[in-house]
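Q: Take one part of this model and look at it closely, then work outwards from there. I'd like a connected account that keeps going back to the residues themselves.

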Amino acid sequence: MMEYAKNTLIALFLSLGLIACDQPGEAPTPIDPGPDNPADPDPTDPEPIDPNPDPQPDPVPEEEYLDDEEGRIFSYVPVGDLLPNSGPGHQDTTIYRPDIMFPLEEAAFLNSQVYRHGGYQGSVNGMNGGQCHSSNYEYPWQDTFCESRSRSQIMCPNGGHEGVDIRPATCIPQSGAEHWAIAVEDGRIIAPASSRYTVRLQTEDGTLYRYLHLKMDALAVSDGEYVTKGQRIGRVSNDFFNSSGDPVPTTYHLHFEMYQNYAPDAETDPVFDQVNPYMTLVSAYERKLRTP
Ligand SMILES: [Zn+2]
């Protein structure tokens, strides 16, 4: 019964997702043909018997039922569709880098660190309780790019969060587990001591990734080091500072940012443009789940 309910919810979710992606307007209301529609089978009629029944139901396309190492079926809320009362979002379905590795080694959960359980605005949606609330560690994923913040930024001019937040496989304060962030591509690490809670990874063509809130005193890489795709960078943690420069921990998560280089050639200095990495991460995670 639980399994049936879950699959029904996922099917409902997927159909809602399609509507949100492909039909920005209101979906037309289907016309009820009424009880006299001749196409309606008479409920008193017996079920017709199929003379050649299939031995098995049709196989389900693999991509609709990808599951993680715990057997949980992956699903995600469409890009730009944020939690209620948490900001406008930024709809961008582009998969900017179709071959990157997902930035965490294990299962992961993209969702809000601020407007869910354990976040300082969780109460606006009735999500009280601590960051280890079990629903913070469940699918579906939800986008957090341009989630409301007090600071204005280029992509989110009315104040917003120019990145996405990723919880690791387990809630670290509860589990005590180590969860590793890895290089999404080959590149060079930029992590001078001055970048107190940020590790950058830059590829040869100038694409830049920023990993925030790793355990900075125990990084697996050093400033200037060249790393290969999949190499461990550091452990997911909660390192952060307030605007006065004092250490103030955040929730345990990886804040991940991506900047495309739009320079026309390698001789021109990189022209950085921050992009919403959500669908790039969905694509990377689906590849990860398909790989045994
Ligand atoms: Zn963040």
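**A hairpin and its surroundings**

A: Let's start at the hairpin of β5 and β6: five residues sit between the two strands, and one residue there, glycine 206, takes a positive phi near 100 degrees. Keep in mind that this is a predicted model. The chain's average pLDDT is 84, and 78% of the residues score at least 70. Residues 1–46 are another matter, with a pLDDT below 50 and 18 contacts in the model beyond near neighbours in sequence.

Back to the hairpin. Strand β5 (residues 198–202) and strand β6 (residues 208–212) run antiparallel and are joined by five bridges. Glutamine 202 in β5 is a handy residue to follow, and its bridge partner in β6 is leucine 208. Glutamine 202 also has arginine 188 standing opposite. That brings in strand β4 (residues 187–190), which runs antiparallel to β5 and is joined to it by three bridges. Another opposed pair links isoleucine 190 with arginine 200 in β5.

So how covered is β5? It is largely enclosed by the rest of the structure, because four of its five residues are buried.

From β4 you can carry on to strand β7 (residues 226–227), again antiparallel, this time with two bridges. Arginine 188 turns up here as well, with tyrosine 226 as its bridge partner in β7. Going along the chain instead, the loop between β6 and β7 holds histidine 213. Its phi is positive, near 75 degrees, in a residue other than glycine. Histidine 213 counts as buried because its relative accessibility is 4%, where the cut-off is under 20%.

Now for the interior. The largest nonpolar core has 51 residues, and those touching the most other members are Phe102, Trp141, Ile166, Tyr211, Phe256, Tyr278 and Tyr285. Both strands of our hairpin feed into this core: β1, β2, β5, β6, β9 and α3 each supply at least two residues. The largest share comes from α3, with seven residues.

That makes helix α3 worth a stop. It covers residues 278–290, and its end C-alpha atoms are 18 Å apart; 13 residues at 1.5 Å a residue should span 18 Å, so the two agree. Ten of those 13 residues are buried, leaving the helix mostly covered. The buried ones include Tyr278, Leu281, Tyr285 and Leu289, and also polar residues such as Thr280, Ser283 and Glu286. Among the elements covering them are β1 (109–110), β2 (164–167) and β9 (254–261).

Isoleucine 166 shows how these pieces meet. Leaving aside neighbours within four places in sequence, its contacts include Phe109 and Leu110, then Leu254 and Phe256, and finally Leu281. Phe102, Pro103, Leu104, Ala108 and His253 are in contact with isoleucine 166 too.

Right beside isoleucine 166 in sequence you reach the metal site. The zinc ion is coordinated at 2.0 Å by His161 (NE2), Asp165 (OD) and His255 (ND1). The spacing of these donors in sequence is H-x3-D-x89-H. Aspartate 165 in strand β2 and histidine 255 in strand β9 are 90 residues apart, a pair that links distant parts of the chain. Aspartate 165 is buried, with a relative accessible area of 2%. Histidine 255 is buried as well, at 5% relative accessibility.

The zinc donor His161 is also touched by glutamate 147. Glutamate 147 lies in the loop between β1 and β2 and counts as buried at 1% relative accessibility. Other residues touching glutamate 147, outside those up to four places away in sequence, are Leu82, Ser86, Ser112, Val114, Tyr115, Gly159 and Gly160.

The loop between β1 and β2 has some backbone oddities of its own. Cysteine 146 belongs to this loop, and its phi is positive, about 65 degrees, although it is not a glycine. Like glutamate 147, cysteine 146 is buried, at 2% relative accessibility. Proline 140 is in this loop too, and the peptide bond leading to it from tyrosine 139 is cis, with omega near 5 degrees.

Conventions: Residues numbered from 1 in each chain as written. Predicted model: local features only at pLDDT ≥ 70, side-chain atom pairs only at ≥ 80, totals over all residues. Heavy atoms only, no water. Expected span 1.5 Å × (residues − 1). Buried < 20%, exposed > 50% of the residue type's maximum accessible area, 1.4 Å probe, protein only. Contact = heavy atoms within 4.5 Å. Donors = N, O, S within 2.8 Å, 3.2 Å for Na, K, Ca; no water. Pairing = 2+ DSSP bridges. pLDDT = per-residue confidence, 0-100. Core = buried A, V, L, I, M, F, W, Y, C linked by side-chain atoms within 4.5 Å.
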